[in-house]
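Hi,

Here is the structure I promised to pass on. My notes follow below it.

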Amino acid sequence: MRIAVVEDDAGVRGLIVRVLAEPGNDLVAFSSGTAFLESDGAARFDVVVSDLKMDGASGLDVLRACRVAPHPPEVLLVTGHAEVRGAVEAMRLGALDYLAKPLDPSELRRRVEQAGLARRRRDESEALAADGARPPDLVAESPAMRDLRARAERAAAISAPVLILGETGTGKELIARHLHAAGARSAHAFRTIDCESLPDDRFESALFGGSADAGALAEARGGTLFLAEVGALSLRPQAVLARAVEDRDAAPGDVRLIASSRRDLASAVATGAFRRDLYDRLSVLTLVVPPLRLRREDLAPLAGRFLAEASRGLGRVLTFAEGALERLRGRAFPGNVRELRSAIERAALLSEDGRLQPEDFSFPPDATAPARWARGRISRERLARTLAEHGNNRVRAARALGISRATLYRLLANVGSDEPVR
């Protein structure tokens, strides 16, 4: 991520930079809001972490500049306890979230990761919308994808809720957009709520709207509302959503619901982490997107599509050199289709003559390693005990265990828990 840190307190600024200085992050620190505005920083970053109260240009000034940028970054505000009311107002104006001082390093890192995820998903959605109302056809050379495509075509013909399950990066939103584009609602809006990056206390307003905003339900009238990673919702916003789904009067007009989750929601229901009534209503139809390792016949055509996209983006002809596809076929791709696309985009930028060589491809560590490592050192008993000690609050429990909330979700899905979590 490209991250800007805007903080006039040198000590706090240094702490934020140290916490976020990880491989793959490009950080730039600004000693004042004025310095940030003078640098035209709003157009340069994915995430901006800014103090709310500063001499000269304030955090609100930083936020306003970011909101009017052509591709606005996500903004996280840092506040003192006396400034929380101002931070809540800033969130109404478009800030993604706020963090109260003194900063907790693990919480800061988690919030920034969520902000980066929200930015990437927004970019992907905007790219799909720019290509036209209908997303590109599904690549379905493998038996698993041919079966999924046939099931998706049948699901598109009706308006029942659909639950799309699959690992991170398998293309769950692409499937949701296909269902919308191939159905009778394609002339109406497709709206998304990113349940994973949205703070719990903002879910209800995102769904129903507030004094200034209509809310996703109203915006999707006649069309489709996509609830991305609905399994990330805690029990409180789950209750809000369950009431909205059950009470037809709460939804302004006819809206089709499509939800996605990388979690096994049936297991989450069994452990009490996900509401049974909500699961039953969202999973009238269920589609499971296979991981790339189970659809190897699709790898070459997918790689060809992404190479063509990179060629258009860079304005030059790109080809695979001998051995390049074999290099890709030798990768398990734990990040699935999204990782394949990123690998080809990186190689395209590295290539000097337009022929992508095997050595042009580099890959991050296995994305599932943190969860496997955590499962190896965190027993079921320790997980249950930590949840109980923190009132079944998964944010505090994850912090106490030294893992991310996403890793805690994977532990709950794979290890199990006897108690519900919030």
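First, a bit of vocabulary: two strands pair if DSSP finds at least two bridges between them, and helices (H or I, at least four residues) and strands (E, at least two) are DSSP runs numbered from the N terminus. This is a predicted model, so local features need pLDDT of at least 70 and side-chain atom pairs count only at pLDDT 80 or more, while totals for chains, interfaces and linings use all residues. Residues are numbered from 1 along each chain as its sequence is written, and side-chain values use heavy atoms, with hydrogens and water left out.

On to the sheet. Strands β3 (residues 47-51) and β4 (residues 74-79) run parallel and are joined by 5 bridges, with Asp51 opposite Val78 in β4. They belong to an open sheet of 5 strands, ordered β2-β1-β3-β4-β5 with parallel pairing. β2 (26-30) and β5 (97-100) are at the edges with a single partner strand each, so one side of each has no neighbour in the sheet.

Two helices lie across strands, where contact means heavy atoms within 4.5 Å. Helix α1 (residues 10-20) lies across β1 (2-6), β2, β3 and β4. Helix α3 (residues 59-67) lies across β1, β3 and β4.

Then there is α17 (residues 380-389), whose buried residues (under 20% relative accessible area, 1.4 Å probe, protein chains only; exposed is over 50%, partly exposed in between) are Leu383, Thr386 and Leu387. The face turned away from that buried side carries exposed Glu381, Ala388 and Glu389. Just after α17, Gly391 has a positive phi of about 60 degrees.

Cheers

Conventions. Axes are lines fitted to C-alpha atoms, for helices over the stretch in contact, and angles run from 0 to 180 degrees between N-to-C directions.
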